[in-house]
Each structure stands twice: as structure tokens, then as C-alpha cells.
Amino acid sequence: MAEAAPGLHPGIRVEPVTDATWRAYRDVRQAALIDSPRAFWTTYAQSAARTDDDWRALVATGPALWLAWDLDRPVGTVGLAHGDDRPGDEVYLVGMWVAGAARGSGAAAALVDAALARARADGRRRVVLDVARENSRALRFYLRRGFALTGETGAMPWDPTCVEERMVLELG
């Protein structure tokens, strides 16, 4: 659990998603898909079709996941996943989102810090992410956190008009 840090609202904390908090994760993930549908490779319809067992299995065996909490209310999430087609020392930052009311609270930085700490602990040397070009706020955030644009681009699998920029952070 992340403790309050400079720039972090005192009520904000970050915790790994567990079997006890899978419902909160599901709710935050679906809120993210409604709020920012062009930011994720999964659509709300795909997410809503998952059963409770699917959500529990995702939490148990899927990517490492965290929730940001503002007191007792979940307000954000991030994940860390290794792609089978990628080098063993590389990991993806995925599913990053913070509710509008919690933006500016430090929750986003705390979520990324938790994921980066895990990446380092797991011996990863490189963290990669894809962010929609149209999401200038997220691009600026990642640049401030030390990520660099690679020049590589892609598109959402379900919407080729949504161009994504690849970014990378070398952990050293």
C-alpha cells in the first residue's frame, strides 16, 4: 500500500487488486470504459459481457492490477502485463485510468509508481505503454513521469481511426 507522499491528496492510497476487491476493480474498469472509450483495447460491451467468474479469474491470473482509493471509494486503476511476444525484461503498463473527480489528486502518479516499483522488483528493465494520440493530457503526464515517445504508432483493434503512440521508460 502506498502511503501519503508529497503532492498526494491525504485520502488517496493505492493497493493491489485482490479477490476481496475484484468487484471494485470491475466497477472502476467499467467506469473507465464509459468515460474514455477510445483509451482502451476492450470495449464496454466486451467488459459488460464478462461474468463474475471471468472477473475473478482475471484478478487471479491476469495482469498485476492496482486500485487507487480515495478513502473508501475506488477512483482509478492500472495494470502491468507481460506480452508473450515481448522480451522477458519488458512489461506493458495497461488499463491506466483515474476518475475525473480524482484527477489532480496524485492518484495517477501513485498508480504508476506502484506499477513501476513492481516492474523493478520483478527485474524488468523497460516499461512500454500505448496511449491514444488524441489524449494529450495522458501524453503530457507520461512525459513528465519519464516516458519517451518511440516514434512507433498503432491503432485500436476495434477502431483504426484511433491512433496510439508507443512510449517507453528505461528502468536502468
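## Reading a fold, one feature at a time

Biologist: Let's start with Arg120: what does its relative accessible area make it?

Modeller: Arg120 is partly exposed, because its relative accessible area comes to 47%. The labels work like this: buried is under 20%, exposed is over 50%, and partly exposed is in between, with a 1.4 Å probe and protein chains only. Arg120 belongs to helix α4. The C-alpha atoms of Arg120 and Leu67 are 19 Å apart in space, with their places 53 residues apart in sequence.

Biologist: What sort of model is this, and where does the numbering start?

Modeller: It's a predicted model, where local features need pLDDT of at least 70 and side-chain atom pairs count only at pLDDT 80 or more, while totals for chains, interfaces and linings use all residues. Numbering runs from 1 along each chain as its sequence is written, and side-chain values use heavy atoms, with hydrogens and water left out.

Biologist: How far does helix α4 reach from its first C-alpha to its last?

Modeller: First, the names: helices (H or I, at least four residues) and strands (E, at least two) are DSSP runs, numbered from the N terminus. For a helix, the expected span is 1.5 Å times one less than its number of residues. Helix α4 covers residues 107-121, 15 residues, and reaches 21 Å, close to the 21 Å expected. Helix α1 (residues 22-35) passes the check too: its 14 residues should span 20 Å, and its end C-alpha atoms are 20 Å apart, which agrees.

Biologist: Which residues of α4 are buried?

Modeller: In α4, the buried set is Ala107, Ala110, Leu111, Val112, Ala114, Ala115, Leu116 and Ala119. Ala108 sits in α4 as well. Setting aside its neighbours within four places in sequence, Ala108 makes contact (heavy atoms within 4.5 Å) with Met96, Val98 and Phe141. From Ala108 to Val78 it's 8.7 Å, C-alpha to C-alpha, across 30 residues of sequence.

Biologist: And α1: which residues are buried there, and what covers them?

Modeller: The α1 list runs Trp22, Ala24, Tyr25, Arg26, Val28, Arg29, Gln30, Ala32 and Leu33. Their cover includes α2 (44-48), α3 (52-61), β2 (64-70), β3 (73-81) and β4 (90-98). Take Arg26 of α1: its relative accessibility is 18%, so it counts as buried. Not counting residues up to four places away in sequence, Arg26 touches Asp52 and Trp55. Over in helix α2 you'll find Gln46, which counts as partly exposed because its relative accessibility is 46%. Gln46 and Glu170 are 33 Å apart, C-alpha to C-alpha, and 124 residues apart in sequence.

Biologist: How much space lies in the largest pocket?

Modeller: About 1200 Å³. On a 1 Å grid over the protein atoms alone, a pocket is an open set of points where a 1.4 Å probe fits, with protein on both sides within 12 Å along at least five of seven lines; lining residues have an atom within 4 Å of a point. Points join across faces, edges and corners, and the volume is the space filled by probe spheres set on them. The largest pocket is lined by 44 residues, and the closest to its centre are Phe40, Val94, Gly95, Met96 and Tyr142. Two or more lining residues come from each of α1, β3, β4, α4, β5 (126-132) and α5 (136-144). The biggest giver is β4, with seven residues.

Biologist: Which way do β5 and β7 run?

Modeller: Antiparallel: β5 and β7 (residues 159-170) are joined by seven bridges. Strands pair if DSSP finds at least two bridges between them. Strand β6 (residues 148-156) also runs antiparallel to β7, with six bridges, and β6 and β7 make a hairpin with two residues between them. Look at Glu165 in β7: Val131 stands opposite it, and so does Thr153.

Biologist: What about phi? Where does Leu71 come in?

Modeller: Most residues other than glycine have a negative phi. Leu71 has a positive phi, near 60 degrees, and is not a glycine. Leu71 is placed in the loop between β2 and β3, and counts as exposed because its relative accessibility is 59%. There's a positive phi after α4 as well, near 80 degrees, at Gly123.
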